[in-house]
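Student: Could we go through some of the labels used for this protein, and look at the reasoning behind each of them?

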Amino acid sequence: MTKEANPAGAPDHGAGADGSGTPVGRRVVLGMLAAGAAGVAAAPFLQRAWDDTLGAAAQQDPTGLSGLLPGGGGFRYYSVTGPVPAKDERSYRLTVDGLVRHRAAYRLADLRTLPQTRLVRDVQCVTGWRVPHTPFEGVRLSALLDAAGVRPEAKAVRFTCFDGAYSESLTLEQARRDDVLVALRMQDAPLAHAHGGPVRLYVGPMYFYKSAKWLSGITVTDHVLPGYWENLGYDVDAWVGRSNGRDDAPTT
C-alpha cells in the first residue's frame with residue numbers, strides 16, 4: 001500500500017520512491033527538537049566565550065594577524081597596546097574635565113541612572129569590513145557636556161582611554177550630535193571588555209576608529225587634538241564615505 005500525499009502534494013517524510021520507508025519516530029522528532037532548542041539557548045554563551053578568547057588573543061598578538069579573524073557578528077579585534085586590564089563596577093571611572101564649569105567622575109552605576117538612547121546603525125571600519133544593523137545603547141555625549149557646563153571658549157572634545165595609549169577627538173559641534181553616545185551596551189548586551197567595555201565612545205556617522213574603546217576621560221579643549229590614528233595619517237574628520245579616500249555607503 002502506498003502512502004498518501006500530504007495536502008501540499010509532497011510525499012510523507014520517511015517514504016521511499018515507491019511509497020515505502022520507515023516513519024520518523026516520535027521520540028526521534030522530539031529529540032531533534034530538544035537538541036535544536038538547546039543549541040539556540042547555548043549559542044549566546046558559546047559566542048561570548050569565542051569573543052572573550054579571541055579578544056584576549058588579539059591583545060597579546062604582536063603580529064596583528066588575530067585581528068583578521070571575525071569575532072561576534074563579524075567584528076575584528078584591535079588593540080594598539082599589549083593586554084588591557086579590565087575595569088569593573090568598583091574600579092571604573094569616567095572623568096569629565098577641561099574647559100567646563102563642573103568637573104565630574106562617573107561610576108558605571110551613575111551612567112546607568114542617566115537617560116539611555118538606543119541606536120541601530122551599520123558599523124564601518126576604515127579597513128573595509130562592515131557589521132550591519134548593530135545596536136548601541138548609552139548616554140548621549142551631549143548630556144554629559146551639558147551637565148558639565150561647557151565654557152564659551154571651548155571648541156572640541158578629547159577622549160582618552162584606560163589602555164594608556166589610545167585617544168580621539170571631535171569638534172564640539174560633532175560631539176553634540178544625537179548619534180554620538182557614551183555607550184554601555186552593544187548588540188543588546190553589556191559592552192564586553194574585548195569590545196572596549198565597560199564603556200566606549202560610539203560615533204554613529206564616522207569610521208569606527210573614532211569610537212574609542214575603553215573610554216576613561218572626556219576633556220573639553222579649545223582646539224581639536226589629533227587622535228592616535230590621525231597622528232599616523234588618518235583623517236581627523238572621519239565621515240563614512242567622505243573621508244580617508246573611501247567611498248563606502250554612509251552609516252546613516
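Tutor: Let us begin with a term: a cavity is a set of grid points where a 1.4 Å probe fits but cannot get out. The model is a predicted one, and a search of the whole structure finds 2 cavities of 30 Å³ or more, of which the second largest has a volume of about 30 Å³.

Student: Which residues line the second largest cavity?

Tutor: Its lining consists of Asp122, Val123, Gln124, Tyr202, Val203, Gly204, Met206, Phe208, Ser211 and Thr251. Two or more of the lining residues come from each of the strands β3 (117-124) and β9 (200-203), and β3 gives the largest share, 3 residues.

Student: What makes the contact between Asp146 and Arg176 a salt bridge?

Tutor: The closest N and O atoms of Asp146 and Arg176 are 2.6 Å apart, and the cut-off is within 4 Å, so the pair counts as a salt bridge. The two residues lie 30 residues apart, with Asp146 in helix α3 (residues 141-148) and Arg176 in the loop between α4 (172-175) and β7 (180-186).

Student: Why is Asp146 called exposed?

Tutor: Asp146 has a relative accessibility of 51%, and exposed means over 50%, so the label applies. Arg176, at 31%, falls between the limits of 20% and 50%, and therefore counts as partly exposed.

Student: How do you know that Asp248, which forms a salt bridge with Arg246, is buried?

Tutor: Asp248 has a relative accessibility of 14%, which is under 20%, so Asp248 counts as buried, whereas Arg246, at 27%, is partly exposed.

Terms used: Residues are numbered from 1 along each chain as its sequence is written. This is a predicted model: local features need pLDDT of at least 70, side-chain atom pairs count only at pLDDT 80 or more; totals for chains, interfaces and linings use all residues. Side-chain values use heavy atoms; hydrogens and water are left out. On a 1 Å grid over the protein atoms alone, a cavity is a set of points where a 1.4 Å probe fits but cannot get out, and a pocket is an open set with protein on both sides within 12 Å along at least five of seven lines; lining residues have an atom within 4 Å of a point. Grid points are joined across faces, edges and corners, and a volume is the space filled by probe spheres set on the points. Helices (H or I, at least four residues) and strands (E, at least two) are DSSP runs, numbered from the N terminus. A salt bridge is a side-chain nitrogen of Lys or Arg within 4 Å of a carboxyl oxygen of Asp or Glu. Buried means under 20% relative accessible area, exposed over 50%, partly exposed in between (1.4 Å probe, protein chains only).
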